[in-house]
Amino acid sequence: MKKYVIANWKSNKTFSEVAYWLNNFPSNEENRRPLDSLEIILAPPYPFLSLAKEIIDKRHLPIKLAVQDLSPFGSGSYTGEVAAFNLQDLNIEYAILGHSERRRFLAETSQLVADKVNEALNWKIKPILCLDKAYFVEQARFLKNEVLAQCLLAYEPVASIGSGQAEEAGNLLAIRKELQVNYNSKTLIYGGSVNADNVVSFLKVCDGVLLGGTSLDLADFLDLLFAASQGLLVD
Ligand code: PGA
């Protein structure tokens, strides 16, 4: 089973920076250190999705695309919203939903996030649902266990995001058990200050990592990917 490495660029990067990053990412042919053990997922800002798709396709890059948010509605009169319907033909396989920054700065409620999760699944887009331990019960309240079982659950302690203070990897074992028992979850992702030095410790106890800061600079991101794939080989 591949381990997930999810790069969330948030509201960073311009068109030319996106092109530079993707044009310099080693293709399968160029890469002497294969990354076959990893499912690499990139969530750029919305305006750059089609650019990203074009370069990924042209260069045969081993990268899948995700969106950072999704409308809870279908196509129609919802000014400013991007519906799953609009994303057809762009090969969007994943959607990061309920990130704590959206819950905090955009007042996303658990009901709204649940509607987005259901809409993503209707369109065969896999939700990467972000949760924080202190709020598991509230954040999962509007989602059925059958639905939660189809999500990648991303445990993201707010205090660890962007702070350099990652959670202790050992704590994830209890969290994984709690999510399995209560919500029938199958896949646990960890996010919060993951870098090349600590990534292997997380991949040993969960199914993948969600990165913000470490995904922005291509050299840092490649260091993390190589550390992760080496660490998995050693196991
Ligand atoms: P960070 O962000 O890697 O910069 O801590 C993680 C996240 O927001 O998912």
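Trainee: Which residues lie nearest the centre of the second largest pocket?
Mentor: Lys10, Gly162, Leu211, Gly212 and Gly213, out of 18 lining residues. A pocket here is an open set of 1 Å grid points over the protein atoms alone where a 1.4 Å probe fits, with protein on both sides within 12 Å along at least five of seven lines; lining residues have an atom within 4 Å of a point.
Trainee: What can I trust it on?
Mentor: This is a predicted model, with local features needing pLDDT of at least 70 and side-chain atom pairs pLDDT 80 or more, while totals for chains, interfaces and linings use all residues. Numbering runs from 1 along each chain as its sequence is written, and side-chain values use heavy atoms, without hydrogens and water.
Trainee: Where does the ligand sit?
Mentor: In that second largest pocket, meaning more than half of its atoms lie within 2 Å of the grid points.
Trainee: And what is it surrounded by?
Mentor: Among others, Lys10, His99, Glu156, Ser160, Ile161 and Gly162. Leu210, Leu211, Gly212 and Gly213 are also there, each with a heavy atom within 4 Å.
Trainee: Which side chain has an N or O atom 2.6 Å from a ligand oxygen?
Mentor: That of Lys10, a polar contact (N or O atoms within 3.5 Å). The backbone joins in too: Gly162 has a polar atom 2.7 Å from a ligand oxygen, and Gly212 has a backbone N or O atom 2.8 Å from one.
Trainee: How much of the ligand does the protein bury?
Mentor: 95% of the 280 Å² that the ligand exposes when taken alone, by Shrake-Rupley with a 1.4 Å probe.
Trainee: Changing topic, which residues are closest to the centre of the largest pocket?
Mentor: Lys10, Ser11, Gln68, Asp69 and Arg102, of 13 that line the largest pocket. So Lys10 is listed there as well.

Notes
Polar contact = N/O pair within 3.5 Å; in protein donor to acceptor, adjacent residues only side chain to side chain.
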